[in-house]
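Here is a short set of exercises to work through with the model open beside you. Try each task yourself before reading its solution.

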Amino acid sequence: MSNLIVYYSRKGENYWNGSVKNLSKGNTEIVAEFIQKAVGGDLFEVDTVKPYSADYYECIEEAKKELNTKARPAIKRYVEDISKYDTIFVGYPNWWGQMPMCMCTFLEHYDLTGKKIVPFCTNEGSGMGSSERQLKTVCKGATVVSGLAIHGAEAAQSERTVAAWAKKNV
């Protein structure tokens, strides 16, 4: 059995220390790669069928609407055999105090009974928000442990912190 590091990450326009900055690689993807480097496992990026707006402010309004309507946006693909993973690291940007609803689409696709869910998020000041509570609702039968929140603007400098945390959670 091994680790799965599944994540949704936003490239392009992102909120960054009080302004909008264009990122070639999303903050959550950077953290996911640090986890893989520290503890091994397979990386899997969740990608929506209908992309979010390229404009950051339009994107977060779309995300807010999805949250308020409890939408389950379609995603392009799923992990073929989730049964081979004991520990699933689940990463996302914190939008409106929650994980993006596409992550619910992904997680609800599986029977996660007996799995260990290890959440991590990137944010610009809201920490984990209430996403851990959200995960406990979505991941029925799984054990959801305390997550790690990384300030998005500091994601690229967080490798040591991320690695130590990841190693404690496998």
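## Exercise 1: Backbone angles

Asn 17 is found in the loop between β2 and β3 (19-23). This is a predicted model, and the task is to describe the phi of Asn 17 and to decide whether the residue is buried or exposed.

Solution. Start with the backbone: Asn 17 has a positive phi of about 50 degrees, although it is not a glycine. Next, take the accessibility. The relative accessible area of Asn 17 is 53%, and the cut-off for exposed is over 50%, so Asn 17 counts as exposed.

Now do the same for Lys 70. Its place is the loop between α2 and β5. The phi of Lys 70 is positive, about 55 degrees, and Lys 70 is not a glycine either. With 63% relative accessibility, Lys 70 is exposed.

To finish, look at what follows helix α1: Gly 40, with a positive phi near 75 degrees.

## Exercise 2: A helix and its span

Compare the span of helix α1 (residues 27-39) with the expected value, then list its buried residues.

Solution. First, helix α1 has 13 residues. The expected span is 1.5 Å times one less than the number of residues, which comes to 18 Å for α1. From first C-alpha to last, α1 reaches 19 Å, close to that expectation.

Then turn to burial. In α1, the buried residues are Asn 27, Thr 28, Glu 29, Ile 30, Val 31, Ala 32, Phe 34 and Ile 35.

## Exercise 3: Following the rings

Find how Tyr 78 pairs with Phe 106 and with Tyr 110, and say what the pairs connect.

Solution. A pair of aromatic rings is described by the distance of the centres and the angle of the planes. A search of the whole structure gives ten aromatic pairs.

Step one is the pair of Tyr 78 and Phe 106, with 6.1 Å centre to centre and 10 degrees between the planes. Planes under 30 degrees apart count as stacked, and this pair is stacked. Tyr 78 lies in the loop between α2 and β5 (85-93) and Phe 106 in helix α3 (residues 101-108), so the pair ties together parts that are 28 residues apart in sequence. As for accessibility, Tyr 78 is partly exposed at 29%, while Phe 106 is buried at 0%.

Step two is the pair of Tyr 78 and Tyr 110: 6.2 Å centre to centre, 75 degrees between the planes, edge-to-face. Here too the pair links distant parts of the chain, 32 residues apart, with Tyr 110 in the loop between α3 and β6 (116-123). The relative accessible area of Tyr 110 is 15%, so Tyr 110 is buried.

Step three puts the rings together: Phe 44, Tyr 78, Phe 106 and Tyr 110 are linked by ring pairs into a cluster.

A short extension: which charged ends sit over rings? Lys 21 lies over the face of Trp 16, at 4.1 Å from the ring centre. The charged end of Lys 64 is over the ring of Trp 96, 4.6 Å from its centre.

## Exercise 4: Pockets and the cavity

Describe the largest pocket, the second largest pocket and the largest cavity by volume and lining.

Solution. Rolling a probe the size of a water molecule over the atoms shows where empty space is left.

1. The largest pocket has a volume of about 360 Å³. It is lined by 19 residues, and the closest to its centre are Tyr 15, Tyr 56, Asn 94, Trp 95 and Glu 124. The elements giving two or more residues to this lining are β2 (12-16), α1, α2 and β6. By class, the lining has six nonpolar, eleven polar and two charged residues.

2. The second largest pocket has a volume of about 200 Å³. Its lining includes Thr 48, Lys 50, Tyr 52 and Glu 66. The classes here are four nonpolar, one polar and four charged.

3. There is one cavity of 30 Å³ or more, and the space in the largest cavity is about 50 Å³. Among its lining residues are Tyr 52, Glu 66, Trp 96 and Met 99. Helix α2 (residues 56-69) gives the largest share of the lining, three residues. Eight lining residues are nonpolar, one is polar and one is charged.

Finally, locate Met 99: it is in the loop between β5 and α3, and at 1% relative accessibility Met 99 is buried.

Definitions and conventions. Residues numbered from 1 in each chain as written. Predicted model: local features only at pLDDT ≥ 70, side-chain atom pairs only at ≥ 80, totals over all residues. Heavy atoms only, no water. 1 Å grid on protein atoms, 1.4 Å probe; cavity = no way out; pocket = protein on both sides within 12 Å on 5 of 7 lines; lining within 4 Å. Points joined across faces, edges and corners; volume = space filled by probe spheres on them. Helix = DSSP H or I, 4+ residues; strand = E, 2+ residues; numbered from the N terminus. Nonpolar A, V, L, I, M, F, W, Y, C, P; charged D, E, K, R; others polar. Buried < 20%, exposed > 50% of the residue type's maximum accessible area, 1.4 Å probe, protein only. Phe/Tyr/Trp six-rings, centres within 6.5 Å; stacked < 30°, edge-to-face > 60°. Lys NZ or Arg CZ within 6 Å of the ring centre and 35° of its normal.
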